[in-house]
Amino acid sequence: MAEEILDKARDLVEGQIVRTLPGRRFPYHGLCSPSSSAFANGQVGAQDFEGQRRAEGYATLLLALSALVAFNVGYLYQDIQKAVYIGLGGTALTFLAVVPPWPVYNKNPVKWLPAGSGWQ
């Protein structure tokens with residue numbers, strides 16, 4: 001019964017959840033365009049939980065260090081503008097260090113089961 005309801009729901013929303021670009025067979029989800037390098041290399045959906053943990057640690061460390069430096073510089077010079085610029089610079093540095101898919105974050109990729117090999 002649940003399968004029938006699920007099939008009816010799929011029929012109702014078919015074509016509304018995933019959009020494709022004209023002339024493309026890959027779905028387009030807004031931020032991940034089909035022409036991006038990760039999409040072209042087949043790395044979309046590649047996950048490395050150890051790399052995610054490492055990236056989170058780096059982000060926390062870099063943001064904390066930049067906040068500490070920004071506060072101390074702002075206090076020492078009594079200049080809020082310098083503190084804000086240092087904080088923004090630290091945030092930008094953290095963004096560049098953590099957000100791109102650097103190879104250091106994908107050393108232990110998850111090995112997924114082949115499609116259709118699950119319990120049926």
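**Start at Thr94**

Select Thr94, which sits in helix H4, and show everything around it. Leaving out residues up to four places away in sequence, Thr94 touches Ala59, Leu62, Leu63 and Val99. Keep in mind that you are looking at a predicted model. Is Thr94 buried or exposed? With a relative accessibility of 5%, Thr94 counts as buried, the cut-off for that being under 20%.

**Widen to the whole of H4**

Now select residues 80-98, which make up helix H4. A quick check with the distance tool works well here: at 1.5 Å a residue, the 19 residues should span 27 Å, and the C-alpha atoms at the two ends are indeed 27 Å apart, so expectation and model agree.

Next, colour Ala83, Gly90, Thr94 and Val98, the buried residues of H4. Turn the view until you look straight down the axis of H4: these buried residues fall within an arc of 50°, so they line one face of the helix. What does that face pack against? Bring up H3 and you have the partner, since the buried residues of H4 pack against H3.

Then roll over to the other side of H4. Here you'll find Tyr85, Leu88, Phe95 and Leu96, and these are exposed. Give them a second colour, and the two sides of H4 are easy to tell apart by eye.

**Down to the start of H4**

Go to the N-terminal end of H4 and select Asp79 and Gln81. Asp79 caps this end of the helix, with a side-chain oxygen 3.2 Å from the backbone nitrogen of Gln81.

While you're there, pick Gln78 as well. Gln78 lies in the loop between H3 and H4. What is odd about its backbone? Gln78 has a positive phi, about 55°, although it is not a glycine. Its relative accessible area is 62%, so Gln78 is exposed.

**Along H3 to the salt bridge**

Helix H3 covers residues 49-77. Select Glu50, which has its place in this helix, together with Arg53. Their side chains meet in a salt bridge, 2.4 Å from N to O. How many salt bridges does the whole structure have? A full search finds one, so don't spend time hunting for others, given that the pair must come within 4 Å to count.

Look at how the pair is placed on the helix. Glu50 and Arg53 are three residues apart in H3, so about one helical turn separates them. An α-helix has 3.6 residues a turn, so residues three or four places apart point the same way. Switch on the surface and compare the two partners: Glu50, at 31% relative accessibility, counts as partly exposed, while Arg53, at 52%, counts as exposed.

Before moving on, draw a line from the C-alpha of Glu50 to that of Lys107. These two residues are 57 apart in sequence, yet 8.2 Å apart in space.

**Just before H3: Asp48**

Step back to Asp48, in the loop between helix H2 (37-40) and helix H3. What does its side chain reach? The backbone nitrogen of Glu50, at 3.2 Å.

Asp48 is buried yet has no salt bridge. The nearest side chain of opposite charge belongs to Arg54, and that is 5.3 Å away. A salt bridge needs the charged atoms within 4 Å, so this pair doesn't make the cut.

Now show what surrounds Asp48. Setting aside neighbours within four places in sequence, Asp48 is in contact with Tyr105, Asn106, Lys107, Asn108 and Pro109. You may recognise Lys107 from the line you drew to Glu50.

**Past H4: Pro101**

Follow the chain into the segment after H4 and select Pro101. Pro101 has a relative accessible area of 66%, so it is exposed. Add Gly51: the two C-alpha atoms are 9.9 Å from each other, with these positions 50 residues apart along the chain.

**Zoom out**

Finish with the cartoon of the whole protein chain. You should be able to count four helices and two strands. From the N terminus, the elements run α-β-β-α-α-α. Colour by accessibility, and the buried residues make up 12% of the chain's 120 residues. Finally, take the contacts between residues at least 6 apart in sequence: 48% of them join residues at least 24 apart.

Terms used:
Residues numbered from 1 in each chain as written. Predicted model: local features only at pLDDT ≥ 70, side-chain atom pairs only at ≥ 80, totals over all residues. Heavy atoms only, no water. Buried < 20%, exposed > 50% of the residue type's maximum accessible area, 1.4 Å probe, protein only. Lys, Arg positive; Asp, Glu negative; His and termini not counted. Polar contact = N/O pair within 3.5 Å; in protein donor to acceptor, adjacent residues only side chain to side chain. Contact = heavy atoms within 4.5 Å. Expected span 1.5 Å × (residues − 1). Arc of directions from axis to C-beta.
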